[in-house]
Amino acid sequence: MAAAMASQGERAVLEEEFKWLLQEEVHAVLRQLQDILKEASHRFALPTSGSGGAVKQENFVLSTSGTDQVKGVMTLQGDALCQADVNLKMPRNNQLLHFAFREDKQWKLQQIQDARNHVNQAIYLLMNRDVNYQFKTGLEVLKLMDAVMLQLSRARNRLTTPATLTLPEIASSGLTKMFTPTLPPDILVNFYINLNKLCLTVYQLHVLQPSTTKNFKPAGGSVLHNPGAMFEFGSQRYEVSHVHKVECVVPWLNDALVFFTVSLQLCQQLKDKISVFSSYWNYRP
C-alpha cells in the first residue's frame, strides 16, 4: 500500500514537472531559438546602419598558398557576387590573362539564398502561434522541433554541400557570359560556397583532336573536376589540363554555421527532455 502511494506521489511529481516543462521551459527555449536564428538571418542580410536596409559590399581576395597561378578579388553583397576580377597565369608561357565581371552583371550565389530562406522558414515555424499559446502534449513539441531541425539541417547542408556539376553544365552556365573580355573557349570558371569559404575554380582545357588515341570517357557530375576529366561541348571534345582552386573565409558565413549548430543542439536537448519524461510512464506525449 505504501509502495503504491509512493508510486502515485512520484507520478504526480513527474506530471507537475512535465506540466512545467510544457508551459514554461519550452517557451523559454523557443524564445532563445528565435533570438539565435534572428542573429543568423541578420548575418545573411548584412544591413548597414543608416542606409535604409541596403546590403553592404565586402571585398575578398581569393588565393592559395604556394602558387600565384590564379588570384581573384571578389565583391560580395549579400547573396550576390557583384564584382569579380580574376588574374590567370597560363602555365605554358606564363602569359597573364585578366577577366572581370561586366558592370551590368551580378552572379547570384544560390546556396546563400537557399540557406537564408531555410533560416527564415525556421523562424516562421517558431513564431507561428499566439503569444499566449500553451503546448498540451509532448508530441506537439517534438513535431515542432523536428520541423525546425529539418529547416536548419537544410540551411547548413546548402552551405556545406556544394552542387555537383558536369563540365558541360559549367560551360553552358550564365557565369561564362559575365566576363569582359570574353572567356576564351579553353577556360572555364565556377564559383561556389563550401562551409564558410567562397571558392573559385578555374579549369584550363585542351582540345581533343579526332586523331587522338585517348579513350574518350565523359566525366560525370562533381564539385571539383580533376585534370584528365573529359567532356563534349558543342561539336568539340575537351580534356581538363590544369585545375586551379582559390578560396577565402567569409566570416559571417562562419557565424551562421555556428548559430545553426547551437540551434540544432538546443532543439535536440528539448526533444531529449520530452523523451525522458515519456520513458518514466506509459504516457504517450
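**Exercise 1. Place the salt-bridge network that links Glu39, Arg43 and Asp255.**

Solution. Start with the rule: a salt bridge is a side-chain nitrogen of Lys or Arg within 4 Å of a carboxyl oxygen of Asp or Glu. The model is predicted: local features need pLDDT of at least 70, side-chain atom pairs count only at pLDDT 80 or more, and totals for chains, interfaces and linings use all residues. Residues are numbered from 1 along each chain as its sequence is written, and side-chain values use heavy atoms, with hydrogens and water left out.

Next, take the pair Glu39 and Arg43. Their closest N and O atoms are 3.0 Å apart. Both residues sit in helix H1 (residues 2–45), 4 residues apart, so about one helical turn separates them. Helices are DSSP runs of H or I, at least four residues, numbered from the N terminus.

Then check accessibility. Buried means under 20% relative accessible area, exposed over 50%, partly exposed in between (1.4 Å probe, protein chains only). Glu39 has 35% and is partly exposed. Arg43, at 22%, is partly exposed.

**Exercise 2. Describe the salt bridge of Asp104 with Arg102.**

Solution. First, the distance: the closest N and O atoms are 3.1 Å apart. Second, the surroundings: Asp104 is exposed at 55%, whereas Arg102 is partly exposed at 32%.

**Exercise 3. Do the same for Lys245 and Glu247.**

Solution. The closest N and O atoms lie 3.6 Å apart. Lys245 is partly exposed, at 30%. Glu247 is partly exposed, at 25%.

**Exercise 4. How many salt bridges does the rule give?**

Solution. Apply the rule throughout. The count is 12 salt bridges.

Methods. Helices (H or I, at least four residues) and strands (E, at least two) are DSSP runs, numbered from the N terminus.
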